[in-house]
Amino acid sequence: CCLGSGLAWEPHSRTVEQVHLQGSLEWMYPVWALHVVLEPNLSSTQHTTLCSKPASDFEGASIYVERAGQLHLVVSEADGARAHPVSCFSAHTPQRVALFLQASPQRGISRRMASFQYELLSNKSAAGPDFKKMALVKAPCRPCDNVELLMAVCSSDFVVKGSIRNVSHDSENHMSQVDVNVQKVCRQKTRIFQQEEASGQWRGPIQTLLQCKVKKGAGDFLFTGSEHYGEAWLGCASWFKDFSFIYQAARERRANPCEFQLN
């Protein structure tokens, strides 16, 4: 379910707002089993992919995906949410994804909650073996061209100007994290980038794939991307001085898809 208002937009901003079909499920005191069917009901959808992320305190059940009458384990309570940060899988049939939550045996009554967030994605072709890692990343591991960069500024979930504080790599999960010192938050859907009370510095992490081989570099950058499950995922990025030149040239030609305040 989505909730929003056009009154929150500034007049003449020409910003393209993105909407993701996403939601969450909370199952308190899980017992027996729960069958969940998610249907996006999109007539143009050829294949549907579901990405889910268990809550940090996920317990009391295991999650299976149903394919051709068979159940395949996605999240095990024994492993915990830490071992399965995000799982993505394609639907066996178009426009339908079925999950099966099996409650774990327990003695007595204790407060347990099996909760997770999910996001439904539509793709025109069947998901390949690498789609599981690529599903949450909107841009490939290559520099965006000028048109893509200008559009990213208009349509991304977050747009920030800042410098790279540190880059850390997680080879086990094939992910990298870019810690950013933020000079200006142009847009963000949630409070991923926040101001530290002690230093007053705005900071925030951005996730990307390990194969993108992100390295720490000097100078100011423009970072754009999408937000998933409270995390920022890198889309198009550029040195800010290069973006300024590209934007000003496009504005002179009246080819900028939206207005952007450089200063």
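Here is a short walk through this predicted model, one selection at a time.

**Stop 1: the nonpolar core**

Start by selecting Trp27, Leu50, Ile63, Phe89, Leu99, Leu101 and Phe116. These have the most contacts inside the largest nonpolar core, which has 20 residues. Now colour the strands β1 (21-28), β2 (33-38), β4 (61-67), β5 (70-75), β7 (97-103) and β8 (113-123), since each supplies at least two residues of this core. In soluble globular proteins, nonpolar side chains tend to be buried together.

Zoom in on Leu99. What does Leu99 touch, not counting residues up to four places away in sequence? The list is Leu34, His35, Val36, Leu50, Ile63, Tyr64, Val65, Phe89 and Phe116.

**Stop 2: a buried lysine**

Next, pick Lys161, in strand β9 (residues 158-170). Which side chain of opposite charge is nearest to Lys161? That would be Asp220, 4.6 Å away; Lys161 is buried yet has no salt bridge. The cut-off for a salt bridge is 4 Å between a side-chain nitrogen and a carboxyl oxygen, so a pair at that distance doesn't count.

Show the surroundings too: leaving aside neighbours within four places in sequence, Lys161 contacts Asn181, Val182, Gln183, Lys184, Asp220, Phe221 and Phe240.

**Stop 3: helix α3**

Phe240 takes you to α3 (residues 240-252), a helix of 13 residues. From first C-alpha to last, α3 reaches 18 Å, close to the 18 Å expected at 1.5 Å a residue. Select Phe240, Phe243, Ser244, Ile246, Tyr247 and Ala250 to see the buried residues of α3. An α-helix has 3.6 residues a turn, so residues three or four places apart point the same way. Bring up α2 (146-155), β9, β13 (221-228) and β14 (231-239) as well, because these are what the buried residues of α3 pack against. Just after α3, click on Arg254, which takes a positive phi of about 60°.

**Stop 4: the salt bridges**

How many salt bridges are there to find? The count comes to 3.

- Glu231 with Lys53: the closest N and O atoms are 3.4 Å apart. Glu231 lies in β14 and Lys53 in β3 (residues 47-54), so the pair ties together parts that are 178 residues apart in sequence. Glu231 is partly exposed, at 25% relative accessibility.
- Glu196 with Arg203: here the closest N and O atoms are 3.1 Å apart. Glu196 is partly exposed at 32%, and Arg203 is partly exposed at 22%.
- Glu259 with Arg251: their side chains meet at 3.4 Å, N to O. Glu259 is partly exposed at 32%, as is Arg251 at 46%.

Technical notes
Residues numbered from 1 in each chain as written. Predicted model: local features only at pLDDT ≥ 70, side-chain atom pairs only at ≥ 80, totals over all residues. Heavy atoms only, no water. Core = buried A, V, L, I, M, F, W, Y, C linked by side-chain atoms within 4.5 Å. Buried < 20%, exposed > 50% of the residue type's maximum accessible area, 1.4 Å probe, protein only. Helix = DSSP H or I, 4+ residues; strand = E, 2+ residues; numbered from the N terminus. Contact = heavy atoms within 4.5 Å. Lys, Arg positive; Asp, Glu negative; His and termini not counted. Expected span 1.5 Å × (residues − 1).
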